[in-house]
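Dear colleague,

Please find below the structure that I am handing over to you, together with its sequence. I should be grateful if you would look through it alongside the notes that come after.

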Amino acid sequence: MMAMGLPRLVAISFTLLLVSILPLHVSLAGEITSIESVPDLQKLMYVVVDGYPCVRLLNLSGEIGCSNPGLNKVVAPIIKLKDVKDLVQPHTILVTADEMEDFFTRVSSDLSFASKIGGVLVESGSNFQQKLTGFSPDKKFPQAQFSPYENVDYKWNSAASGIMWKKYNFPVYLLSESGISAVQEILSKKKMKHGTYTSDVAEFNMVMETTKAGTHNSEACLQEGTCLPLGGYSVWSSLPPISVSSSNNRKPIVLTVASMDSASFFRDKSFGADSPISGLVALLGAVDALSRVDGFSNFKKQLVFLVLTGETWGYLGSRRFLHELDLHSDAVAGLGNSPIETVLEIGSVGKGLSGGINTFFAHKTRVSSVTNMTLDALKVAQDSLASKNIKILSADTANPGIPPSSLMAFMRKNPQTSAVVLEDFDTKFVNKFYHSHLDDLCKKSHSLTFSSFCSKPHFALLIPFWYCIAANINSSSVVAAASVVARTLYILASDDKDISNSAMGSIHVNASFVEELLNCLLACEPGLSCDLVKDYISPTNTCPGNYAGVILGEPSSKPYLGYVGDVSRFVWNFLADKTSVQKGNTTSVCSKGVCSKTDEVCIKAESNKEGTCVVSTTRYVPAYSTRLKYNDGAWTILPQNSSDSMGMVDPVWTESNWDTIRVRVYTVQHSAYDNTVLVAGITVTTLAYIGILAAKSLITKALKQD
């Protein structure tokens, strides 16, 4: 009987201990009134936080970015940066966007402070963005090693801090709006939770495969298969289509270039509204306008549009495109026999509006008759749009050369390249959030109240709408750039200095189309689920991250579409449609994405059960380092080639593999409190046991006396 009594007492004590703990967790959630399953208990105890991670990137010389320091999850108490004094143990630091630059600068210079960082949660939003005069985690001269001129100390990016190019041995996570709410809610309840006996902690599951394997540069991780090369797929298309089989296809090419990838401190929060997506949207707007104009087949020059990816990471797209031209590969079939006469790049054009005038600056590669021809065409296009208040100015001659742009790759390849890049700045970036998660289209404010507009403070009525504040670009600036580019390309293609006003007047950019495209490519609502994108493809994601990503599988001019990013697939389908010569009732249906004729491509096959065959010269071009080779399912790094000046300085960027990235927050009791409860439980159990023995003895004696 005594042997059975002790286990029962222990069980009762353990039950009492659980009862003392459970009310704490119930107070956290406040949503679940009863626990019926393990998932209910998990929801009660843990809050999964949405957001955007900083990940580990590698190059030939080392690592940048963020990762858990070891092989396990990181769990650390949360503390706001403003409350940090002398940390004894590692903590999760809650940092606001306006504190980021100073915080990470201190981490890099103060090793003692860095050792006490368990992880970092970053709050961001319009209220923090308004406090900032600028925030760019990139360098003063981005990708200066690829510059075609010697003055690499020039400061194009005055807001630069360079913090995204450092290595951090702790996880960093940018909170989404819902993530901010979740963290703030758990912190706001701290005073109601058992005094000082609990801590709010963040748990980071952000272990990188390269950390596990101990592969700390691109060469090592590619050999071990713990990383993949950065890259993706660029797209080019011609207007009108090029007859690959024709031997008479020798028209000089007018090449128009834009980029579709950006970067930031956080992998999937790289919208790049001004830099470079405003240029991409301007190019697509110009193509849309030109697609409604007839007669290009009779013009003296061939228009070719090139949309590049991977430009942020060593000009991967432009360098690979030029390399494929040298190889006369299938990816550039139709271009090999024609000379590129001039290049017009559309750079950052989202911030040209000032004082009611949209001003853009033409940065030229060199003085030549062809470059002057492009500048003259820009001037004629400007004059034809006099009522639109558009001004095209030549960049300051004191500049060391062209700004960071894809033209640098063209210039390094051929210093005699005649080219112009159109930008919204002259001597330095006007985009103060260059390569930052804050370079986005718009921030949403909360609903306004009527009392904001009314003199009677006691009268308050909620206005049911959101309004846009802190937008980093202006859509009218993008429309203006698209208008100038469309007419400039028409002038260059026709090679006619005396184009009629009626011909020029027929080229109109659809402002509504530009607005819609900006919302598709630079916002999560509607994002890539917008009707415009869904008319061409079935997007795999709603939010357009605009990060280059990694290249999957074997690179090909006809890749498996599951390995091609949403934006690349959309751009391919859009350009193939707008530059095609077969439209309307003359088109034929394609099944399984294949057309019977060699000069046809199948568009809209994803969005419809059956696609449409159109005559178009539109191709994918793999974008990855020219120092890499794919063979037998693996990547290898090629030896340096002295004839490839850009390859000599190529960092060869890769991204570490990772299985799951997850962050959650919850409350834990201090170990001292746990120990106190344990000791108290043991004491109570012991005393109860002694009491039972004493009572049993007394009862036994009493029964014997009776």
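The notes below go from the overall fold to the cores, individual helices, salt bridges and a few local points.

**Overall picture**

Please bear in mind that this is a predicted model. The chain holds 19 helices and 29 strands. Of its 706 residues, 53% count as buried. Sequence-distant contacts are prominent in the count: among contacts between residues at least 6 apart in sequence, 79% join residues at least 24 apart.

**Nonpolar cores**

In soluble globular proteins, nonpolar side chains tend to be buried together. In this model the largest nonpolar core has 92 residues, and the members that touch the most other members are Leu 290, Phe 296, Leu 303, Tyr 490, Phe 570 and Val 571. Helix 13, residues 475-494, gives the most to this core, with 13 residues. For Val 571, leaving aside residues up to four places away in sequence, the residues touched are Val 235, Met 260, Leu 280 and Val 307. There is also a second, separate core of 42 residues, which includes Leu 57, Ile 64, Met 100 and Phe 113.

**Helices 10 and 11**

Helix 11 (residues 369-384) has 16 residues and reaches 22 Å from its first C-alpha to its last, close to the 22 Å expected at 1.5 Å a residue. Which residues of helix 11 are buried? They are Val 370, Thr 371, Thr 374, Leu 375, Ala 377, Leu 378, Ala 381 and Gln 382. These residues cover an arc of only 155° around the axis, and therefore lie on the same side of helix 11. The spacing can be read against a general rule: an α-helix has 3.6 residues a turn, so residues three or four places apart point the same way. The cover over the buried residues of helix 11 includes strand 15 (340-346), strand 17 (357-364), strand 18 (390-394) and strand 19 (419-423), as well as helix 13 and helix 14 (501-505).

Helix 10 (residues 316-327) has 12 residues, which should span 16 Å at 1.5 Å a residue; the end C-alpha atoms are 16 Å apart, in agreement with this. Helix 10 is mostly covered, as nine of its 12 residues are buried. The buried residues of helix 10 are Leu 316, Gly 317, Ser 318, Arg 319, Arg 320, Phe 321, Leu 322, Glu 324 and Leu 325. Just after helix 10, His 328 adopts a positive phi of about 55°.

**Salt bridges**

A search of the whole structure finds 19 salt bridges. Three of them are described here.

In one, the side chains of Glu 63 and Lys 167 meet with an N to O distance of 2.8 Å. This pair links distant parts of the chain, with Glu 63 in strand 4 (residues 62-66) and Lys 167 in strand 8 (residues 167-168), 104 residues apart. Glu 63 is buried because its relative accessible area is 13%, under the 20% cut-off. Lys 167, at 40%, is partly exposed. Arg 56 joins Glu 63 and Lys 167 in a network of salt bridges.

In another, Glu 203 pairs with Arg 664, the closest N and O atoms being 2.6 Å apart. Glu 203 lies in strand 10 (residues 198-205) and Arg 664 in strand 29 (residues 662-669), so this salt bridge ties together parts that are 461 residues apart in sequence. Are the two partners buried or exposed? Both Glu 203 and Arg 664 are buried.

The third is formed by Asp 110 and Arg 106, whose closest N and O atoms are 3.9 Å apart. Asp 110 is partly exposed, with a relative accessible area of 26%, and Arg 106 is likewise partly exposed, at 39%.

**Cys 530 and the annotated segment**

Cys 530 is found in the loop between helix 15 (511-521) and helix 16 (531-534). With a relative accessibility of 5%, Cys 530 counts as buried. Its C-alpha atom is separated by 8.7 Å from that of Leu 517, 13 residues apart along the chain.

Finally, the unreviewed UniProt entry carries the annotation "transmembrane region" for residues 677-695. In the model, the span of residues 677-695 is 100% helix and 0% strand, and its end C-alpha atoms lie 26 Å apart.

With kind regards

Notes: Residues numbered from 1 in each chain as written. Predicted model: local features only at pLDDT ≥ 70, side-chain atom pairs only at ≥ 80, totals over all residues. Heavy atoms only, no water. Salt bridge = Lys/Arg side-chain N within 4 Å of Asp/Glu carboxyl O. Helix = DSSP H or I, 4+ residues; strand = E, 2+ residues; numbered from the N terminus. Buried < 20%, exposed > 50% of the residue type's maximum accessible area, 1.4 Å probe, protein only. Core = buried A, V, L, I, M, F, W, Y, C linked by side-chain atoms within 4.5 Å. Contact = heavy atoms within 4.5 Å. UniProt positions renumbered as here; feature names shortened; annotations may be inferred. Expected span 1.5 Å × (residues − 1). Arc of directions from axis to C-beta.
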